[in-house]
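The following exercises concern the fold and backbone geometry of one protein. Please work through each task before reading its solution.

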Amino acid sequence: MHKPLREVLDGKRQAVPPVWMMRQAGRYLPEYMAIRQTVGSMLEMCFAPKLAAEVTLQPIRRFGFDAAILFSDILVIPHALGRTVRFETGEGPRLEPLDDPAAMLKLRGPADDAVLAPIYETIRLVRSELPAAVTFLGFCGAPWTVATYMIAGQGTPDQAPARLFAYRQPEAFEALIEILIDASVDYLAAQLEAGADAVQIFDTWAGVLPTEQFDRWCITPTQEIVARLREKVPDARVIGFPRGAGMMALSYAEMTGITAIGIDWTLPLFVAQEALQPRLPVQGNLDPLVLRAGGAALDQSVDAILEALSGGPFIFNLGHGILPDTPIAHVERMLKRVRG
């Protein structure tokens, strides 16, 4: 079956670039909010297969995107490792901080597969209803990004708690990263086995690290995940998304073994075109704020991206997740512009 996005991941340029959006199932959609109001927390919805499958499918029904992405969260892995995870309305995730080296060295894997089983059921439900031409993406958080939340207990402006911990206690931090690598490999393999066509590794906080630390905590763990995942699933397609990496994205693309790279709006398009796209498919990189703004600025940004990147294997996406107050009409305008 012709699946345009999966074909791009296999290196085949499409005349019309396939398109999806990070966080496409979410708060900007009234049908999502109607379901969200029926459950106690976002995490609860992640582990309710029928609800999670429904919200995964909502943007496909409304917009006809070329990919569906599993509705879940990167912090289900700490939850499956026995850490307390909750979501505070309007404030984001809250975890039991793991900021003591002795406690970190006592943390043990593997992740509890019984905890994650509802997510695999969600994948099976979505797969049974997804149009045949639509690629289904699973995902996980990269070890570095997940570790930043585990150590601080929440997101911070520059993730300084995790950065300080990695400098001061590198052995304990390495132990945490290894546990997260193990859990991520098993989790992604199970998603692919349940019916996902490809997976994305979100390294949302990659850009806060200097080069040496980026190599150690972003590139090396991703490299290990990709290699070990392909031992389990030899043809695994993996999109890496090192947000904010800038020029470090070049070494990330070269060394990790990923299938395709997602880029954010801060990477110059000529770098993506000349240095990345000859090596592997590129995904990105519309600024979510210009999508929210709409109008001529949106048209100009879409056109610039298409002019730079549609000559090679390319997936049109945002440079990060869609903002909750983005008008639906702007998404429709973007899609019309991309698809001509």
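Four exercises with worked solutions follow.

The model is predicted, so local features require pLDDT of at least 70 and side-chain atom pairs count only at pLDDT 80 or more, while totals for chains, interfaces and linings use all residues. Residues are numbered from 1 along each chain as its sequence is written, and side-chain values use heavy atoms, with hydrogens and water left out.

**Exercise 1.** Determine the secondary structure content of the protein and compare its radius of gyration with the globule rule.

Solution. Step one: count helices (H or I, at least four residues) and strands (E, at least two) as DSSP runs, numbered from the N terminus. The protein has 16 helices and 9 strands. Step two: take the radius of gyration over C-alpha atoms, with the globule rule being 2.2 Å times the number of residues to the power 0.38. The radius of gyration is 19 Å, close to the 20 Å given by the rule for 340 residues, so the protein is as compact as a globular protein of that length. Step three: along the principal axes, the C-alpha atoms fill a box of roughly 55 × 45 × 40 Å.

**Exercise 2.** Establish what percentage of the residues is buried and what percentage of the contacts joins residues at least 24 apart.

Solution. Step one: buried means under 20% relative accessible area, exposed over 50%, and partly exposed in between (1.4 Å probe, protein chains only). Of the 340 residues, 59% are buried. Step two: a contact means heavy atoms within 4.5 Å. Considering contacts between residues at least 6 apart in sequence, 74% join residues at least 24 apart.

**Exercise 3.** Locate the cis peptide bonds that precede proline 110 and asparagine 285.

Solution. Step one: the bond from glycine 109 to proline 110 is cis, with omega near 0°. Proline 110 belongs to the loop between helix H6 (101-106) and helix H7 (113-129). Step two: glycine 284 and asparagine 285 are also joined by a cis peptide bond, with omega about -15°. Asparagine 285 is placed in strand E8 (residues 282-286).

**Exercise 4.** Describe the phi angles and surroundings of arginine 23 and glutamine 159.

Solution. Step one: arginine 23, a residue other than glycine, has a positive phi near 60°. Its position is in the loop between helix H1 (4-9) and helix H2 (30-36). Step two: glutamine 159 has a positive phi of about 50°, although it is not a glycine. Glutamine 159 lies in the loop between helix H8 (143-152) and helix H9 (160-168). Step three: glutamine 159 has a relative accessible area of 1% and is therefore buried.
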